[in-house]
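Trainee: I should like to go through the terms used for this model and ask what justifies each of them.
Mentor: Then let us take them one at a time.

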Amino acid sequence: MDRLKSKVALISGGARGQGAAEAKLFAAEGAKVVIGDVRDELTRQTAAAIEAQRGGNAVRAVHLDVTRAADWRAAVETCEREFGGLDILVNNAGIANMKGLEETSEEEWDAIVNVNQKGVWLGMKTAVPAMRRRGGGSIINISSVFGLIGSTGSTAYHGSKGAVRLLTKAAAVQYGPDKIRVNSIHPGLILTPMVSEAAISPSEIDSLIGVTPLGRGAQPEEVGWCAVFLASDEASFVTGSELVVDGGWTAA
Ligand SMILES: NC(=O)c1ccc[n+]([C@@H]2O[C@H](COP(=O)([O-])OP(=O)(O)OC[C@H]3O[C@@H](n4cnc5c(N)ncnc54)[C@H](O)[C@@H]3O)[C@@H](O)[C@H]2O)c1
């Protein structure tokens, strides 16, 4: 119940999917949570649902476009003003498409890299000074199995998620002396709105399940519990690591 007691977490892309699941689990484990997303109404609804479940003064909803430095500054200020500091950042916001290298337009490349890669850098850049003021922290960057291995499409997504993997390790090395741990999570097929909106057909989902030894897609909470672990003091010696949450996909 209290694995994150006295900690304050900022979660990007927290309106739905994995970010919302992480926000609910973090709050249930005693954290104060600020969720930021570009979907303002849904962010408010998710915050209200968490407040109802948790009761009391546990959550704030903010507008956060992860590509905008000013939004990040405002989100971190909200953590410090409302809850007294920032201990945990989950860089979860992400967008995807299935397009291959030649089919990807320059605009599509820029959009995906801006959110998935630049957004993670900006988040860390803004959060680190606040974590230093707290004497340490935990940053969790959501990459993907597509940041570890290739596939027949999703070129910009692969490029951005691969970058997140090494941004994570570089930050872990740079901020170890500040007691800030930085780790990446690499989900496989997680059954969230992203999967339908990235236009993955039912037969493509079946083939992804076919390469997953556990034989199914995961619920967002199955990633969320891994984020709880990395955020908590249970992971006190874990930094620069990549936690693969893929039902065995990349082990095969
Ligand atoms: N679903 C999967 O199978 C899967 C697999 C591997 C990795 N991931 C990664 O997991 C993370 C969460 O994805 P999800 O599956 O919950 O998808 P989702 O689409 O349900 O949630 C993503 C959230 O990010 C938000 N977002 C998009 N652009 C944003 C921006 N510029 N600023 C702030 N928020 C923004 C969306 O509004 C949405 O609420 C993403 O980084 C995604 O790439 C997903």
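**Terms and their grounds**

Mentor: We begin with Ser207, which is partly exposed, with a relative accessible area of 43%. Please bear in mind that the model is predicted.

Trainee: What makes Ser207 partly exposed?

Mentor: Its relative accessible area is 43%, and partly exposed covers what lies between under 20% for buried and over 50% for exposed. Ser207 is found in helix α7, residues 202–210. From Met1 it is 206 residues apart in sequence and, C-alpha to C-alpha, 37 Å apart in space.

Trainee: Why does Thr192 count as buried?

Mentor: The relative accessibility of Thr192 is 13%, and buried means under 20%; Thr192 therefore counts as buried. It is found in the loop between β6 (180–187) and α6 (193–197). Leaving aside neighbours within four places in sequence, Thr192 is in contact with Gly17, Gln18 and Pro220.

Trainee: Gly17 and Gln18 belong to α1 and Pro220 to α8. Why is α1 called oblique to α8?

Mentor: Helix α1 (residues 17–28) and helix α8 (residues 220–231) pack at an angle of about 50°, their axes being 8 Å apart. Roughly parallel requires under 35 degrees and roughly perpendicular 65 to 115, so α1 is oblique to α8. The crossing in which α1 passes α8 is right-handed. By class, this contact of α1 with α8 has nine nonpolar, three polar and two charged residues.

Trainee: What makes α4 and α5 roughly parallel?

Mentor: The axes of helix α4 (residues 106–134) and helix α5 (residues 155–175) cross at roughly 15° and come within 8 Å. Angles under 35 degrees count as roughly parallel, and α4 and α5 are therefore roughly parallel to each other. Here too the term right-handed applies, to the crossing in which α4 passes α5. Among the residues making the contact are Trp109, Trp121 and Arg132 of α4, and Tyr157, Lys161 and Tyr175 of α5. The residues of that contact divide into 14 nonpolar, five polar and two charged.

Trainee: Let us turn to the sheet. Why do β3 and β7 stand at the edges?

Mentor: Seven strands form an open sheet in the order β3-β2-β1-β4-β5-β6-β7, with parallel pairing. β3 (59–63) and β7 (242–245) each have a single partner strand, so one side of each is left without a neighbour in the sheet. On average, direction ignored, neighbouring strands of this sheet are turned by 15° against each other. Helix α2 (residues 40–54) packs on the sheet and touches β2 (32–37) and β3; its direction makes about 175° with that of β3.

Trainee: How do you know that β5 and β6 pair?

Mentor: Pairing needs at least two bridges, and strand β5 (residues 137–142) has six bridges with β6, in the parallel sense. In β6, Ser184 is the bridge partner of Asn141. The test is met likewise by β1 and β2, which run parallel and are joined by five bridges. Leu10 stands opposite Val34 in β2.

Trainee: Why is strand β1 described as largely enclosed by the rest of the structure?

Mentor: Five of the five residues of β1 (residues 8–12) are buried, so the strand is largely enclosed by the rest of the structure. Val8, Leu10 and Ser12 point one way from β1, while Ala9 and Ile11 point the other way, and all are buried.

Methods: Residues are numbered from 1 along each chain as its sequence is written. This is a predicted model: local features need pLDDT of at least 70, side-chain atom pairs count only at pLDDT 80 or more; totals for chains, interfaces and linings use all residues. Side-chain values use heavy atoms; hydrogens and water are left out. Axes are lines fitted to C-alpha atoms, for helices over the stretch in contact, and angles run from 0 to 180 degrees between N-to-C directions. Helices (H or I, at least four residues) and strands (E, at least two) are DSSP runs, numbered from the N terminus. Angles under 35 degrees count as roughly parallel, over 145 as roughly antiparallel, 65 to 115 as roughly perpendicular and the rest as oblique. A crossing is left-handed if the near helix is turned anticlockwise from the far one by less than a right angle, and right-handed if clockwise. Contact means heavy atoms within 4.5 Å. Ala, Val, Leu, Ile, Met, Phe, Trp, Tyr, Cys and Pro count as nonpolar, Asp, Glu, Lys and Arg as charged, and the others, Gly among them, as polar. Buried means under 20% relative accessible area, exposed over 50%, partly exposed in between (1.4 Å probe, protein chains only).
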